[in-house]
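Thanks, everyone. Have a look at the model on the screen, and I'll walk you through a few parts of it.

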Amino acid sequence: MNGFAALAPLLFLVGGAILVLLLGTRRNGGTNSVQAAVSIAAIAAAGFSAARLWGRAVRAFGGQLRFDEAALFMTFLFLLAAAMAVLLGMRYLVRHAMPRGEYYGLLLLAACGLVIMTATINLLIVFLGLEVFSVSAYALSGLNRRDDRSAEAAAKYFLIGSFASAFVIFGLALLFGTRGSLDVHQLALPETGGSSALALTGLALVVSGLAFKIALVPFHMYQPDVYEGAPTPVAAFFAAAPKAAGFLVLLRILVPHFQTGIRNEAIIEFLSAVAVATMILGNFAALRQRNLKRILAYSSIAHAGYMLIAVISGDPAGLLFYLANYLFMGVGAFAAVIALGGPGREILDLDEFAGVGRRYPWIGGIFTVLLLSMAGFPPTGGFLAKFYVFSTAVRAGHLGLAIVGVLTSLVSVYYYLRIVRIMFMKEPERELDVDTENPAVYLVLFLCLYAVLQLGLFPGNIITLIRQATASL
Amino acid sequence: MTTVAVVGLSIVLFVLGTIAFIVKRDLLTQFMAVEIMLNAANLAFLGLARGSGRLDAQVIVFFVMTVAAAEAAVGLAIVLHIYRRKKSIKTEDLDRLRG
Amino acid sequence: MTLALVFLIFGLLGAVMVSMNALLGPKKTNPVKEQPFECGSPPLQKGIPGFVIKFPLVVFLFVLFDIEVAFLFPWALIFREMKGPAFLILLAYAAVLAAGFVYAWRKGAFRWD
């Protein structure tokens, strides 16, 4: 029965997804709020069953499914992101006439794929989880069927995503052939035998495939298009959750480095170059964007660069803390975009935001705090997260990375504050048609505000959790 | 010797698929290129398992096939949707998202 | 010997089925029946008509359900060792597939017109 207990979080998610999908086919019975309630209930049940696994080092199915504390911590993040995306979607789906059962169902399945990805050390299972997520994600981003941009986002995401998946699986084939195992802990160790070229190629393919999914430069091109075209609640879910899963897998591959001291310098150098490129390109590309969703997309690329520093300097705690912060900042920023949208239409162009902050001070104010947190101002969580990551990088001897990180953060202050300035300093050009009857979105906004301040001012509790999580790696 | 030949063929297929994906400019052909890459991975798994005599690889191939089918179903539906809206599946006609 | 018996039994069975059809079946005919058989399309036509709009949907569903059957082969191999649990696992697997089928049905995916 141990196996069943370990499977419970996944079963709740899949069962909830199937139930919601079938509810969606009913002509009258399956109303929007019923479906949303079922989804939230499934997510909550998955969360409780995951919480019961904490501290029990659960292994099931011959060790293939492995809920260590790091995986559980990530699971909580994914479930939170999914729950917030459900809340954000409730009214948005009606406003944009999108299919509802499919939205909630695919969202639960996507979360399920991410949980699978993190709760294993076998790379084949990682691949399967990645695909469960990806296939749901392609459909999710094209869910707004009346909008050409949504269809385009889906097509681009699908093409690039499946291309990346092919990289991962071919890399796994090469690794399997040379190592005879897909155990994550054996991959990054330096070669001893003769077939080192094949194994190194395999590792490079797997890592670049993951970089595609995390959207690290130079594998990031699709991300802004997907964020812009996909329905905004979906973009909110994509902002943090899949990156978190990708980073945990990357961390698991690199953990033996930092624990045994046997280092494979080639990987570290490759990742360092990628981190520098990601931070610089993400931040500078965000400077010249006029579309708010694209700015947030480039900003999320830049944040992935900072998180990669934590991976390189062998700092799992810093990474998890950053991820937790970014989850709330990312989802919260997109929630603000939704809160300021009108019926059937969203305001996305920066100029249209003129004066919004004065007219809707609560939304504008929370959005401002979230943007300040992204830029890294105290006393928000974003500041602490960056502080931890950069200081650990300096201690681990990656001074250059930390300097690039700090400098590019300064650049980012410009485009974050530009949004704030337009919202509060400029006169409104014309009347905005904002739909203010949206309590679920306000709930998400306040939750994100609370989380960002809590993480910035009193991070003690969560750091205790993160310590336990990183000890289990 | 045969193992080397099979793995060599799979690498050639994978590279061809990659090149086709980059060179071609319409969604369906690019998707076919990805399918070739996935099948190259399958071939590599089987070829490499031949050498070691292990059964794991054969099971992995089942999973990869399923993944390819799921991707195909969702992906072709997306391509069809694009075609119905734009009457074209050329990538240069996907021009609504820029910046 | 056994082989001859097999051929005898199944040959007879086949002969009975064919002749039963001719003896008992209704002997009405219509123009469509008299045409030569060609799978799924009229035997004489100008050019190839476009696909029916429902066709791709059925194809996608076929691909999905078809590939899932592949997992029954490894399952059959280990059934002798696992017995009860294996059967439960298959039931759960089939239940998910059935849910997918019901979903497609309720969405009207099999309605041709």
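One cut-off before we start. A residue counts as exposed if 12 or fewer other C-beta atoms lie within 10 Å of its own, and as buried if there are 20 or more. Keep in mind that this is a predicted model.

Now apply that to B:Ile19. This residue is in helix α1 of chain B, residues 2–23. Is B:Ile19 buried or exposed? B:Ile19 has 11 C-beta neighbours inside 10 Å, so it counts as exposed. Take B:Thr29 as a reference point. B:Ile19 and B:Thr29 are 10 residues apart in sequence, and their C-alpha atoms are 12 Å apart in space.

Next, chain A and a helix pair. Helix α10 covers residues 265–287 and helix α11 covers residues 292–312. Their axes are 8 Å apart, and the packing angle is about 155°. That angle makes α10(A) roughly antiparallel to α11(A). The crossing is left-handed. Who meets whom? From α10(A), the contact residues include A:Ile268, A:Leu271, A:Val274 and A:Met279. From α11(A), they include A:Ile295, A:Tyr298, A:Ile301 and A:Leu308. Small residues take part too, among them A:Gly282 in α10(A) and A:Gly305 in α11(A). By class, this contact has 17 nonpolar residues, 6 polar and no charged ones.

Stay in chain A for helix α16, residues 399–424. It has 26 residues. From first C-alpha to last, α16(A) reaches 38 Å, close to the 38 Å expected at 1.5 Å a residue. Which residues of α16(A) are buried? Among them are A:Leu401, A:Val404, A:Thr408, A:Tyr415, A:Tyr416 and A:Met423. The cover over the buried residues includes α10 and α11, the pair we just saw, along with α13, α14 and α15 of chain A.

Now the contact between chains A and B. Chain A puts in 34 residues and chain B puts in 33. On the chain A side, α5, α6 and α8 each supply at least two residues. Which helix gives the most to that side? It is α6(A), with 19 residues. By class, the chain A side has 19 nonpolar, 7 polar and 8 charged residues.

Last, chain C. How many helices and strands does chain C have? There are 5 helices and 0 strands. The elements run α-α-α-α-α from the N terminus on. Of the 113 residues in chain C, 1% count as buried.

That's the tour. Over to you for questions.

Note on methods: Residues are numbered from 1 along each chain as its sequence is written. Chains are lettered from A and ligands numbered from 1 in the order in which they are written. This is a predicted model: local features need pLDDT of at least 70, side-chain atom pairs count only at pLDDT 80 or more; totals for chains, interfaces and linings use all residues. Axes are lines fitted to C-alpha atoms, for helices over the stretch in contact, and angles run from 0 to 180 degrees between N-to-C directions. Helices (H or I, at least four residues) and strands (E, at least two) are DSSP runs, numbered from the N terminus. Angles under 35 degrees count as roughly parallel, over 145 as roughly antiparallel, 65 to 115 as roughly perpendicular and the rest as oblique. A crossing is left-handed if the near helix is turned anticlockwise from the far one by less than a right angle, and right-handed if clockwise. Two residues are in contact if their C-beta atoms, placed from the backbone, lie within 7 Å. Ala, Val, Leu, Ile, Met, Phe, Trp, Tyr, Cys and Pro count as nonpolar, Asp, Glu, Lys and Arg as charged, and the others, Gly among them, as polar. The expected span of a helix is 1.5 Å times one less than its number of residues.
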